[in-house]
Amino acid sequence: MTERILSKIKDLQSQIPQPATVAAGKLVRGIGLTLEAVGCQLPVGSQCLVQTIDGEIEAEVVGFGDNVTYLMPTEAVKGIVPGSRVQPLTRQQGIAVGMGLLGRVVDGNGNPIDGLGALKTTEYVPFTRPPMNPLIRKPIKQPMDVGVRSINSMITVGTGQRMGLFAGSGVGKSVLMGMMTRGTTADVVVVGLVGERGREVKEFIHDILGEEERHKSVVVAAPADTSPLMRLKGCETAVSIAEYFRDQGMNVLLLIDSLTRYAMAQREIALAVGEPPATKGYPPSVFARLPALVERAGNGAENQGSITGFYTVLTEGDDLQDPIADAARAILDGHIVLSRSLADAGHYPAIDVEASISRVMPQVVSDEHLQSARRIRQIYSIYQQNKDLISIGAYNRGADPRIDMAIKAEPMINNFLQQGMKDIIPYDESLGGMVQLLQKFGGNA
């Protein structure tokens, strides 16, 4: 009887799946940002610990070749010696998520860095998720109030839309993002500050974001002095957190600053493991990862909420034909261009309404709203086309009624498009101001 019981127990034990054991390896080479290890066969994306003379540092597998595994540390490389032990990590919990994230600041791995203690969360989500079936997404039908008059009226954003903020350095994109966080009607705001100066991270949280908005916000910070892997993870962590809140039925405003730094981080990693450069030094994997990141935002299924995404894109020398800017413009649902000439003239927010467009605006606004916005845009464009003639006095009043109206309307339109950084102008008030503007200079005539 006892033998039969023992035999049965052995049979049951044999049916229990055993965890795969992965042997530890050792470092054989370290050049620049990349570490090379042998003796451990790990899938790309898995985590491991590298023994150093100062302790252990975490690294991620980013590639392999022959018998060599390429690792990218998540922190500064120091204390590495030849033959250092590489221990695979079997725990892969993912990112801690929950309502306890609100009001907190985390790093690219989702760990708190605000000094407020551990996160009060019990759920975990992976860094990346499989793409959502586009046929189950809800269509974009409702406008999103961002509290900025020029965007609400002239470049209306739909709930679940993905917009690009194209700007050079120092033209007010961070301030505009702060204005949107204060003025939005979204339930949750997720901000990814990736690749920016460390000073700007604290300033954005304490000065631009504001005390009240912080309680419904989550900030993911991966400054410029962190490793390229952490900068890459910073964007993906921010999107994963936004996806969690969307799955809970909430409307999320996602702000990523910046998409260009995300592409640069991927370029550093790809070049370090030997991927050949292509367009202006960017490897092909960069242009494959951009749409994979952006497409994760948007509306969810019928029982879910939405993610309305704003992604800043740095334009080198204000060149909108930069490879990253060109690729981003093709995969986003519209773009808002910030003009350096407007910023230099003290026009804030420095939005160039001529060069900006929202592709879903016709689906989320009334015909009257659309016609009014087009009329203002046309009059503003007429003035800009004849600005040089007007400024040097070469245009004679009365020669063209359209130009005469544009000269009359230009100061009013400029005043309408400007707004203080602390001001919040709701959607309905923005539309009312647009109607009053047209009535002032007879734009409906």
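Here are five short exercises with worked solutions on a predicted model.

**Exercise 1. The largest pocket**

Find the volume of the largest pocket, the residues closest to its centre, and the classes of its lining.

*Solution.*
Step 1. Start with the volume. The largest pocket holds about 780 Å³.
Step 2. Go to the centre. The lining has 35 residues, and Gln47, Glu60, Asn109, Phe127 and Lys233 are the closest to the centre.
Step 3. Look for elements that give two or more residues to this lining. They are the strands β4 (55-65) and β7 (95-97), and the helices α6 (228-247), α7 (259-272) and α8 (284-294).
Step 4. Sort the lining of the largest pocket by class. There are 16 nonpolar, twelve polar and seven charged residues.

**Exercise 2. The second largest pocket**

Describe the second largest pocket, and say which element gives the largest share of its lining.

*Solution.*
Step 1. The volume of the second largest pocket is about 420 Å³.
Step 2. Its lining counts 25 residues. Nearest the centre lie Pro131, Arg137, Ala292, Glu295 and Arg296.
Step 3. Now the elements. At least two lining residues come from each of α6, α8 and β16 (298-299). The largest share belongs to α8, with four residues.
Step 4. Now the classes. This lining has ten nonpolar, four polar and eleven charged residues.

**Exercise 3. Cysteines and disulfides**

Why is there no bond between the sulfurs of Cys40 and Cys48?

*Solution.*
Step 1. Recall the term. A disulfide is a covalent bond between the sulfur atoms of two cysteines.
Step 2. Take Cys40. Its closest cysteine sulfur is in Cys48, at 6.5 Å.
Step 3. Take Cys48. Its closest cysteine sulfur is in Cys40, at 6.5 Å.
Step 4. Apply the cut-off. A disulfide needs the two sulfur atoms within 2.5 Å. The sulfurs of Cys40 and Cys48 are 6.5 Å apart, so they are too far for a bond.
Step 5. Check the whole structure. The search finds zero disulfides.
Step 6. Add the surroundings. Cys40 is buried, at 3% relative accessibility. Cys48 is buried too, at 0%.

**Exercise 4. Two loop residues**

Are Pro223 and Gly172 buried, partly exposed or exposed?

*Solution.*
Step 1. Place Pro223. It sits in the loop between β14 (217-222) and α6.
Step 2. Use the cut-off. Buried means under 20% relative accessible area. Pro223 has 16% relative accessibility, so it counts as buried.
Step 3. List the contacts of Pro223, leaving aside neighbours within four places in sequence. They are Leu193, Gly195, Glu196, Gly198, Val201 and Arg231.
Step 4. Place Gly172. It lies in the loop between β12 (162-167) and α3 (173-183).
Step 5. Use the cut-offs again. Partly exposed covers the range between buried, under 20%, and exposed, over 50%. Gly172 has a relative accessible area of 23%, so it is partly exposed.
Step 6. Add a distance for Gly172. Its C-alpha lies 14 Å from that of Leu209, 37 residues away along the chain.

**Exercise 5. The nonpolar cores**

Which residues of the largest nonpolar core touch the most other members?

*Solution.*
Step 1. The largest nonpolar core has 63 residues. Those that touch the most other members are Ile151, Leu176, Met180, Phe310, Ile336 and Ile413.
Step 2. Find the main contributor. Helix α14 (residues 401-417) gives the largest share of this core, eight residues.
Step 3. Look around Met180, not counting residues up to four places away in sequence. Met180 touches Val146, Val148, Ile151, Leu165, Leu253, Leu255 and Phe310.
Step 4. Look further. Another core, of 52 residues, lies apart from the largest one and includes Ile95, Leu101, Ala327 and Leu332.

Notes:
Residues numbered from 1 in each chain as written. Predicted model: local features only at pLDDT ≥ 70, side-chain atom pairs only at ≥ 80, totals over all residues. Heavy atoms only, no water. 1 Å grid on protein atoms, 1.4 Å probe; cavity = no way out; pocket = protein on both sides within 12 Å on 5 of 7 lines; lining within 4 Å. Points joined across faces, edges and corners; volume = space filled by probe spheres on them. Nonpolar A, V, L, I, M, F, W, Y, C, P; charged D, E, K, R; others polar. Buried < 20%, exposed > 50% of the residue type's maximum accessible area, 1.4 Å probe, protein only. Contact = heavy atoms within 4.5 Å. Core = buried A, V, L, I, M, F, W, Y, C linked by side-chain atoms within 4.5 Å.
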